Amino acid sequence: MRIGELAWRVGTTTRALRYYEARGLLPARRDAQGYREYDERDLVLLKQIRTLRDFGFELEETRPFVECLRAGHAEGDACPASREVYRRKLDELDGLIGELVAVRETVAGQLRRAEEARAGLAAEALVPGGPEPVCELGGKKG
């Protein structure tokens, strides 16, 4: 198949395929007229790349999976190098999850503080001579 058909079947652009070729991830075979020529194995390689990219893997992180497939394995993660990339990615994700949990706790704390402050102001507004209630948009309630 030609580059346009391959791009269509994978759901990407011909430009992306040329980039993968330049990076050594996609073989560059040419027919007698000089057109790029691809087969079903290339389709499998590209689906592996696309799946990993959709999961947040950098393009270079897909290389061990591609090399594993090129070596004749049915799955790109059958090789030790691919599994090592999985391990590194899991460590990276665990770190990001930890950061997100910390941010969430901070935001939740800020919300609790804001709600407590708002409740305090509302209670003070009920006291004669206390502050007048203010709406969320900054205007006086009225």
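Which residues in H1 meet which residues in H3? Here are some friendly notes to help you find your way, with that contact taken up in point 2.

1. **The overall picture.** Please keep in mind that this is a predicted model. The protein has five helices and zero strands, so you can read its pattern along the sequence as α-α-α-α-α. The chain holds 142 residues, and buried residues make up 26% of them. Turning to contacts between residues at least 6 apart in sequence, 41% join residues at least 24 apart.

2. **H1 against H3.** Now to the opening question: from H1, the residues are Leu6, Arg9 and Val10, and they meet Glu40, Asp42, Leu43, Leu46 and Arg50 in H3. By class, the residues of this contact divide into four nonpolar, no polar and four charged. Helix H1 covers residues 3-10 and helix H3 covers residues 40-54. The two pack at an angle of about 45°, with their axes 10 Å apart, and they are therefore oblique to each other. Their crossing is right-handed.

3. **H1 against H2.** Helix H1 also packs with helix H2, which spans residues 14-22. Here the angle is about 105° and the axes lie 9 Å apart. An angle from 65 to 115 degrees counts as roughly perpendicular, and H1 and H2 are therefore described that way. On the H1 side you will find Ile3, Gly4, Leu6 and Ala7, which meet Thr14, Leu17 and Arg18 in H2. The residues of the contact of H1 with H2 divide into four nonpolar, two polar and one charged. Leu6 is worth picking out on screen: it takes part in the contact with H2, and it is also listed in the contact with H3.

4. **A buried aspartate in H3.** Asp42 lies in helix H3. Is Asp42 buried or exposed? With a relative accessible area of 2%, Asp42 is buried. If you set aside its neighbours within four places in sequence, Asp42 is in contact with Leu6, Leu26, Pro27, Arg29 and Glu37. Of these, Leu6 belongs to the H1 side of the contact between H1 and H3.

5. **H3 against H4.** How are H3 and H4 oriented to each other? They pack at an angle of about 155°, with their axes 10 Å apart. Angles over 145 degrees count as roughly antiparallel, and this pair is therefore roughly antiparallel. The crossing of H3 and H4 is right-handed. Val44, Leu45, Gln48, Ile49 and Leu52 in H3 meet Phe65, Val66, Leu69 and Arg70 in H4. Sorted by class, the contact has seven nonpolar, one polar and one charged residues.

6. **H4 itself.** Helix H4 runs over residues 63-70, and six of its eight residues are buried, so H4 is largely enclosed by the rest of the structure. The buried residues are Arg63, Pro64, Phe65, Val66, Cys68 and Leu69. Among them, Phe65, Val66 and Leu69 also appear in the contact with H3. After H4 comes Gly72, which has a positive phi, near 105°.

7. **A buried lysine in H5.** Lys89 is found in helix H5, which spans residues 80-125. Residues under 20% relative accessible area count as buried, and Lys89, at 5%, is therefore buried. What does the side chain of Lys89 make a polar contact with? The partner is the side chain of Glu61, at 3.3 Å. Leaving aside neighbours within four places in sequence, Lys89 is in contact with Gly56, Phe57 and Glu61.

8. **Gly56, a partner of Lys89.** To see the other side of that group, look at Gly56 in the loop between H3 and H4. At 40% relative accessibility, Gly56 counts as partly exposed, whereas Lys89 is buried. Not counting residues up to four places away in sequence, Gly56 touches Glu61 and Lys89. Gly56 and Lys89 are 33 residues apart along the chain, and their C-alpha atoms are separated by 8.9 Å. Glu61 is in contact with Gly56, and the side chain of Glu61 also makes the polar contact with the side chain of Lys89.

Technical notes. Residues are numbered from 1 along each chain as its sequence is written. This is a predicted model: local features need pLDDT of at least 70, side-chain atom pairs count only at pLDDT 80 or more; totals for chains, interfaces and linings use all residues. Side-chain values use heavy atoms; hydrogens and water are left out. Axes are lines fitted to C-alpha atoms, for helices over the stretch in contact, and angles run from 0 to 180 degrees between N-to-C directions. Helices (H or I, at least four residues) and strands (E, at least two) are DSSP runs, numbered from the N terminus. Angles under 35 degrees count as roughly parallel, over 145 as roughly antiparallel, 65 to 115 as roughly perpendicular and the rest as oblique. A crossing is left-handed if the near helix is turned anticlockwise from the far one by less than a right angle, and right-handed if clockwise. Contact means heavy atoms within 4.5 Å. Ala, Val, Leu, Ile, Met, Phe, Trp, Tyr, Cys and Pro count as nonpolar, Asp, Glu, Lys and Arg as charged, and the others, Gly among them, as polar. Buried means under 20% relative accessible area, exposed over 50%, partly exposed in between (1.4 Å probe, protein chains only). A polar contact is a pair of N or O atoms within 3.5 Å; within protein, one must be able to donate a hydrogen and the other to accept it, and residues adjacent in sequence count only if both atoms are side-chain atoms.
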